[in-house]
Amino acid sequence: DKIPSERELAIAFKVSRPSVREALRVLEIIGLVEIQGGGGAYLRNLQLGPFISVIAPLLFSREHFDMELLDFRELIEVKAIELLAGNLSDADLLELRDSLELMELALENNDPDAGAEADIAFHRTLVHGSRSYLLCKVLELVVALFEHAVRGGRSIVLEKHEDARQLYMDHLRIYEALQNNDFGKAKELIISHLQMVRKLYDKR
């Protein structure tokens, strides 16, 4: 939906047009509106990832926040696995397989950045495959934090090649369980995978 013009907003809120313009810029930065040159401002679909990116440094200044984030990730992903039954599609499995292949290639090339991207894509597909609007929006809300956690975890495990290989094998087993429609096993594997990451964090 198009929102009122700067002039209309200035009159409605009894503020100057420069104040309205600055407020719209802030709303655009945090992803709530889209400003089109000469076309006004429009409300966007709920996309709060940019807003979380703005406040992420404040959250990560808390002691042990990375461990709390792992706990939160477990809540999201375990629930997503539970909802995958009856919702997981062949296209989802293909996306998971593609992520695994990229993860394996990154491991062979010792490329932590590419490995992190593939890792993030794998976990995102798990949540999107649940077909839960709320879980997807929660993931979108914390995507900046989620990506930071995955990158951080990979930077730690890649210090040792055997840990990086274990990370890949964890994802492979999750994929195989889902491929076999063994959602209970997949849930157990997600939990054990995140427990492994916690132990690696503890080694720091």
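Is E28 buried, partly exposed or exposed? In this predicted model, E28 is partly exposed, with a relative accessible area of 34%. The views below start with the whole chain and come back to E28 later.

**Figure 1. The protein chain combines 10 helices with 2 strands.** Reading from the N terminus, the order of elements is α-α-β-β-α-α-α-α-α-α-α-α. Of the 204 residues in the protein chain, 41% are buried. The chain exposes about 11,400 Å², and carbon and sulfur atoms supply 54% of that area. Among contacts with a separation of 6 or more, 66% link residues 24 or more positions apart.

**Figure 2. Strand 1 and strand 2 make a hairpin.** Here you can follow strand 1 (residues 33-36) alongside strand 2 (residues 40-43), paired in the antiparallel sense over 4 bridges. V33 sits opposite L43 in strand 2. There are 3 residues between the strands, and G38 in the turn has a positive phi of about 75°.

**Figure 3. E28 touches V33 and I35, leaving out residues up to four places away in sequence.** E28 belongs to helix 2 (residues 17-29), while residues 33-36 make up strand 1. For a sense of scale, the C-alpha atoms of E28 and A41 are 9.0 Å apart in space, with the two residues 13 apart in sequence. Remember that E28 is partly exposed, at a relative accessible area of 34%.

**Figure 4. E77 and H123 meet through their side chains in a polar contact of 2.6 Å.** E77 is found in helix 4 (residues 65-84). E77 counts as buried because its relative accessible area is 3%, against a cut-off of under 20%.

**Figure 5. The largest nonpolar core holds 28 residues.** The members that touch the most others are I81, L84, L96, F122, L126, L178 and I190. Two or more residues of this core come from each of helix 4, helix 5 (90-108), helix 6 (112-128), helix 9 (161-179) and helix 10 (183-202). Zoom in on L84 and, with neighbours within four places in sequence set aside, you will find contacts to L126, G129, S130, L178 and F183.

**Figure 6. A second, separate core contains 6 residues.** If you would like some landmarks for this view, the members include I3, L9, A10 and L24. Helix 2, already met as the home of E28, spans residues 17-29.

Key. Residues are numbered from 1 along each chain as its sequence is written. This is a predicted model: local features need pLDDT of at least 70, side-chain atom pairs count only at pLDDT 80 or more; totals for chains, interfaces and linings use all residues. Side-chain values use heavy atoms; hydrogens and water are left out. Buried means under 20% relative accessible area, exposed over 50%, partly exposed in between (1.4 Å probe, protein chains only). Contact means heavy atoms within 4.5 Å. Accessible areas come from the Shrake-Rupley method with a 1.4 Å probe; for residues, only the protein chains shown count as cover. A polar contact is a pair of N or O atoms within 3.5 Å; within protein, one must be able to donate a hydrogen and the other to accept it, and residues adjacent in sequence count only if both atoms are side-chain atoms. Two strands pair if DSSP finds at least two bridges between them. A nonpolar core is a set of buried Ala, Val, Leu, Ile, Met, Phe, Trp, Tyr and Cys residues joined through side-chain atoms within 4.5 Å.
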